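User: Hi! I would like to know how the labels used for this model follow from their definitions. Could you take me through them?

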Amino acid sequence: MIPTQFEYLAPTSVEDALAALAQHGDEAKVIAGGQSLLPVLRMRLNAPEVVIDLGGIEGLRGVREDGDALVIGAMTTHHAVLHDPLVGQHAALLVKAEHQLADAQIRHRGTIGGALAHADPAGDLGAPSLALGAEFVIAGPGGTRTVAADDFFVDLFETAIAEGELLTEIRVPKHTGWGAHYEKFVRVAHQWPIVAVAAAVRVEGGTIAEARVGLTNMGSTPLRARAVEEALVGQPATEDAVATAAARAAEGTNPPSDLNGAADYRTHLAKVLTRRAVLAAAGA
Amino acid sequence: MTAVEDRPDTSAKEIGRDRRRKEDQRLITGRTRWTDNIALPGMLHMAMVRSPFAHARIVSIDTEAAKASENVVTVLTGADLGEAQGVCINAWAITTDQVAPTHVPMPTDRVAFAGETVAVVVARTMAAARDAAELVDVEYDELPAALDLKKSAADEVLAHPDLGTNKSAFWKFDSEEAGTGGNVDQAIEKARGDGIVIEREYRQQRLIPAFMEPRSTVVDPTGEQITMWSATQIPHILRFALAATTGVPESKIRVIAPDVGGGFGGKLQQTPEEMITFAVARRLGKPVKYTETRSESLMTAHHGRDQWQKLTLSAEKDGTVTGLKVELTADLGAYVSLVGGGVPVLGAFMFNAIYKFPAYQFNCQTVLTNKTWTDAYRGAGRPEATYAIERLMDELAAEVGVDPLVVREKNWITHEEFPFTTVAGLEYDTGNYEAATEKAKASFGYDDLRAEQKRRREAGDRIQLGIGVSTFTEMCGLAPSRVLGQLNYGAGGWEYASVRMLATGKVEITTGTSAHGQGHETAFSQIVADRLGVAFEDVEILHGDTQVSHRGLDTYGSRSLVVGGEALVRAADKVIEKAKPIAAHLLEASVDDIEFSAGRFGVRGTDQGLAMADIAMAAFAAHNLPDGVEASLDSDATYDPVNFNYPHGTHLCAMEVDTETGGVLMRKYTCVDDIGTVINPMIVEGQVHGGLAQGIAQALWEEAVYDDSGTLVSGSFVDYLLPTSADTISFDVQHNSTASTTNTLGTKGVGEAGTIASTPAVVNAVVDAIRHLGINDIQMPCTPERVWRAIHDVGGSGTTDTEGAAMPHFDESTGMQGTTDRTDGAS
């Protein structure tokens with residue numbers, strides 16, 4: 001159906017976008033790929049007076065190297081991230097998650113920055129960004145600041161991006177040579193995950209030297225399974241050892257209950273999927 | 001006697017050819033006339049104001065702010081429209097004492113389900129109408145809502161307090177009373193002593209037809225006739241209902257179903273929205289359009305299924321069935337809709353299926369609740385019956401300790417026994433269950449998969465394999481009018497067709513069926529091309545407009561080919577008969593010597609002849625016709641079937657179950673359907689594929705879920721899980737043809753077969769995979785969570801109800817600034 005009437009602004013620079021945000025305050029909504037905002041507007045669940053479209057800001061697209069990190073522009077589409085050779089080489093976990101994100105149409109329209117700023121705890125990119133220790137570059141009236149992934153996700157649909165600020169870049173530390181896997185559990189392919197687990201591991205001589213595990217849809221934000229990470233370090237990449245560590249996957253989580261599964265079922269899934277994700281990431 | 005009779009080689013003929021669908025280019029590109037594409041001069045747009053409550057008194061409706069809104073023409077309530085809005089009819093009062101609330105399109109005092117329309121905004125643009133709908137201020141006094149089916153059947157809370165009960169009608173068939181079989185209670189009692197009794201209760205969850213094109217209606221009242229375009233399956237029935245309930249003469253109403261994007265029974269309806277659009281257009285004297293949103297479609301277009309099935313099957317120790325007793329409780333929702341009251345009863349004749357039950361009893365209690373009303377959905381009554389009996393036959397096999405195919409073979413009607421009168425009183429004309437099953441087993445690799453299943457069980461594999469069987473039949477080709485009369489249905493079941501021979505030799509066909517995606521234009525052209533010996537390209541099929549195809553009973557119940565196609569054949573044959581005297585006259589031969597073959601009228605024993613086109617031109621010119629012969633070859637026919645039509649088939653499904661997560665994955669699906677003569681194999685394959693996907697979706701994915709206050713939780717495709725091609729596998733679709741004897745072409749219906757057969761095949765496979773773990777049922781949809789709970793016995797069985805809550809991807813809690821008042825329920 002049709003959204004309520006709004007003014008449409010299409011700035012061509014971050015500065016102009018910030019100025020528009022400053023001018024319109026909480027009457028404005030920022031649109032990136034629109035894959036979540038447009039349904040919300042069309043169902044009239046929200047009625048902003050101004051919509052600021054970042055699509056015209058060329059500088060927010062693309063992937064580049066910056067020393068030990070990859071820098072991904074916030075307006076880079078999922079499709080572009082999925083097929084970027086740098087991402088494939090240095091942040092394979094993101095590729096694994098993007099590959100399973102929604103469907104081809106959404107991957108062509110939706111953006112990595114839009115998805116992360118939307119902060120749906122069932123979104124596919126929160127857990128991998130936590131696992132990879134991504135940093136979020138946020139531009140505001142006073143310049144830019146960088147927020148660590150662990151501090152970025154605040155609550156359900158709430159991030160560290162303050163009013164008047166924009167997410168401009170995602171900096172992903174290179175995990176060259178790490179094994180990666182995104183284990184997503186859905187009933188139909190295009191569904192948000194009921195639970196998903198993002199795992200990146202560095203295996204040295206059959207032993208897990210480092211491990212990062214992120215959980216999707218196990219609380220009001222994406223979560224890191226720190227207990228699992230700690231338990232994995234120094235363990236052999238075997239079914240038994242990984243299963244023992246994965247049994248701690250639900251520690252500190254607060255999963256929802258809804259028509260796709262009750263909390264206790266999600267708790268169970270988190271453990272099983274963590275074991276599978278880590279084993280797959282370790283190539284075991 | 002059912003051996004396939006020898007038919008002439010059809011390789012040169014149109015029937016049996018994989019013709020590309022001639023309608024697809026316009027349908028796929030959208031360069032066509034969908035209702036919502038229609039724009040008329042001065043046309044106004046409507047938006048509905050809908051109740052957010054399942055059950056409430058309407059205290060007041062303040063329309064002032066909306067009326068003052070820019071570009072708004074008016075805002076109307078039920079009180080404003082009064083009797084001009086007509087009523088939504090209940091065409092199938094299955095009993096004379098059926099309790100049914102009056103279904104006013106826009107009620108004035110009380111709403112009975114969430115989504116019911118209480119006011120309509122009429123504006124110059126659709127956006128203005130939608131904006132103003134949010135300004136209509138409705139004050140409600142919420143009432144307790146009847147939501148749970150079993151509790152509603154016990155009258156705990158009344159859906160319509162004035163009626164005094166939720167129990168709408170009780171309908172019973174008993175084979176002893178009908179003289180078609182024995183006493184079922186005696187059979188069950190005996191089996192309790194020395195045989196086997198299987199008692200189960202199955203849930204048919206509520207489903208949403210979810211057709212691709214949302215419903216849309218345009219009404220133009222400015223001509224001598226009021227014209228309604230509507231995305232409907234039933235233009236003819238709709239015209240009748242409009243006339244019967246508004247007082248407008250039928251001759252002053254023209255209903256057009258232009259290209260319609262799917263229905264699955266969901267557009268077999270006379271909707272409140274159509275009635276309101278009709279009334280508003282008449283009141284304002286201007287063309288008016290209403291197109292629903294997807295949210296409105298899921299919430300208010302009629303739903304399907306929603307039954308509890310209490311089943312008792314008795315058998316001898318060796319698995320020979322002796323009796324079947326069915327006790328259904330069926331949720332009608334808030335109103336008894338067009339044919340909704342009778343849909344559960346359509347299953348009454350099918351629970352016995354292909355098996356020789358000596359005793360049978362069917363009991364059905366229909367119940368009113370404060371949910372969206374239910375009506376036909378692909379299969380309508382027959383999927384429910386097939387599910388119950390095919391699940392039970394697997395349970396019986398498990399009890400006897402034999403393969404599910406063995407217990408079926410022991411009980412099914414053998415091919416030598418046709419025609420066969422069943423315990424439900426139907427006469428099955430043809431079938432060959434043995435042949436279909438043998439072919440399916442071979443193609444499926446049944447024995448190998450059984451061996452793999454055994455290996456996995458013995459090894460205690462995390463992935464277990466299950467094989468599900470469904471040897472289904474159905475009754476389709478609705479329907480012999482006399483039978484419908486006996487069932488107290490409000491109409492007949494005949495169909496109409498006409499053939500117009502144009503001067504240039506081209507042919508125009510009108511059919512009373514109303515395609516909405518089935519491919520009638522192609523298949524009917526093939527039939528006519530063969531029958532009249534004209535080119536496929538020279539046949540035009542006209543339908544879906546009461547002024548063009550003035551008679552008809554429309555499309556549903558797999559009837560278009562087997563009933564409408566037969567009418568077409570008979571009309572075409574009349575053309576030939578009318579042409580013969582003209583041909584004889586022109587050829588200076590006796591009519592008795594005229595032979596018609598492959599489009600040519602020849603004189604027996606000579607090489608003289610004339611083509612059909614020559615006769616058509618001669619009839620048009622009328623310069624040289626025999627005395628007393630009219631200058632027209634045009635003919636028509638109305639065909640009333642003498643019997644239903646009984647396609648059948650064997651469906652085999654292999655499912656993998658991940659015992660750790662409860663996740664299920666389809667491994668293989670083979671079906672061998674016997675649908676008689678196939679007109680167009682490609683269209684048939686498409687029907688089977690789509691039908692299978694829809695039936696599998698009931699088994700695994702789809703469910704309309706309400707919360708405790710009667711709000712539809714699965715109100716978008718985020719939560720109402722439709723499968724895509726990413727979720728289904730490549731089906732192994734085959735046929736085994738036994739020509740039907742109930743129509744000239746030997747065809748059987750195929751529109752619903754896949755849906756009817758597949759659901760139990762899938763659930764049987766899921767249960768079979770984990771039966772060794774002590775499980776004999778998983779409630780549909782077989783979600784991973786239900787399977788997991790059943791396997792691990794965590795928090796109940798595999799039959800727990802679905803949680804009435806959705807993930808909050810798209811609601812107010814998306815943390816976005818700005819507010820919207822949703823209390824008016826506009827969506």
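Analyst: Happy to. Let us begin with a sheet: strands 4, 2 and 6 of chain B form an open sheet in the order 4-2-6, with antiparallel pairing. Strands here are DSSP runs of E with at least two residues, helices are runs of H or I with at least four, and both are numbered from the N terminus. This is a predicted model, in which local features need pLDDT of at least 70 and side-chain atom pairs count only at pLDDT 80 or more, while totals for chains, interfaces and linings use all residues. Residues are numbered from 1 along each chain as its sequence is written, and chains are lettered from A and ligands numbered from 1 in the order in which they are written.

User: What makes strand 4 and strand 6 of chain B the edge strands?

Analyst: Strand 4 (110-111) and strand 6 (137-142) each pair on one side only.

User: How do you know that strand 2 and strand 6 of chain B pair?

Analyst: Two strands pair if DSSP finds at least two bridges between them. Strand 2 (residues 56-62) and strand 6 of chain B are joined by six bridges, so they qualify, and they run antiparallel. Ile58(B) has Tyr140(B) in strand 6 as its bridge partner.

User: What joins strand 4 of chain A to strand 5 of chain A?

Analyst: Four bridges link strand 4 (residues 63-66) to strand 5 (residues 69-73) in the antiparallel sense. Glu65(A) stands opposite Leu70(A). The hairpin has two residues between the strands, and Gly67(A) takes a positive phi near 65 degrees there. Strand 5 also pairs with strand 10 (residues 166-173) of chain A, antiparallel over five bridges, where Gly73(A) is partnered by Glu169(A).

User: Why is helix 17 of chain B called mostly covered?

Analyst: A residue is buried if 20 or more other C-beta atoms, placed from the backbone, lie within 10 Å of its own; 12 or fewer make it exposed, and in between it is partly exposed. In helix 17 of chain B, 13 of its 13 residues are buried, so the label fits.

User: How do you know that the span of helix 17 of chain B agrees with its number of residues?

Analyst: The expected span is 1.5 Å times one less than the number of residues. For the 13 residues of helix 17 (residues 520-532) that gives 18 Å, and the end C-alpha atoms are 17 Å apart, which agrees. Gly533(B) follows the helix with a positive phi near 65 degrees.

User: Which residues have the most contacts inside the largest nonpolar core?

Analyst: They are Val278(A), Val121(B) and Val766(B), in a core of 342 residues. Such a core is a set of buried Ala, Val, Leu, Ile, Met, Phe, Trp, Tyr and Cys residues joined through C-beta atoms within 7 Å. Helix 18 (residues 560-587) of chain B gives the largest share of this core, 13 residues. Leaving aside residues up to four places away in sequence, Val278(A) touches several residues, including Ala199(A), Val213(A) and Leu232(A).

User: What makes residues of chain B and chain A count as in contact, and how many do?

Analyst: Contact requires C-beta atoms, placed from the backbone, within 7 Å. By that rule 41 residues of chain B are in contact with 34 residues of chain A. On the chain B side, the largest share, four residues, comes from helix 4.

User: How far apart are the centres of domain 1 and domain 3 of chain B?

Analyst: Taken over C-alpha atoms, the centres are separated by 41 Å. The contact takes 14 residues from domain 1 and 14 residues from domain 3. The bounds come from an automatic or database domain assignment, which gives domain 1 as 24-30 + 494-639 and domain 3 as 429-476 + 645-808.

Methods:
Contact = placed C-beta atoms within 7 Å.
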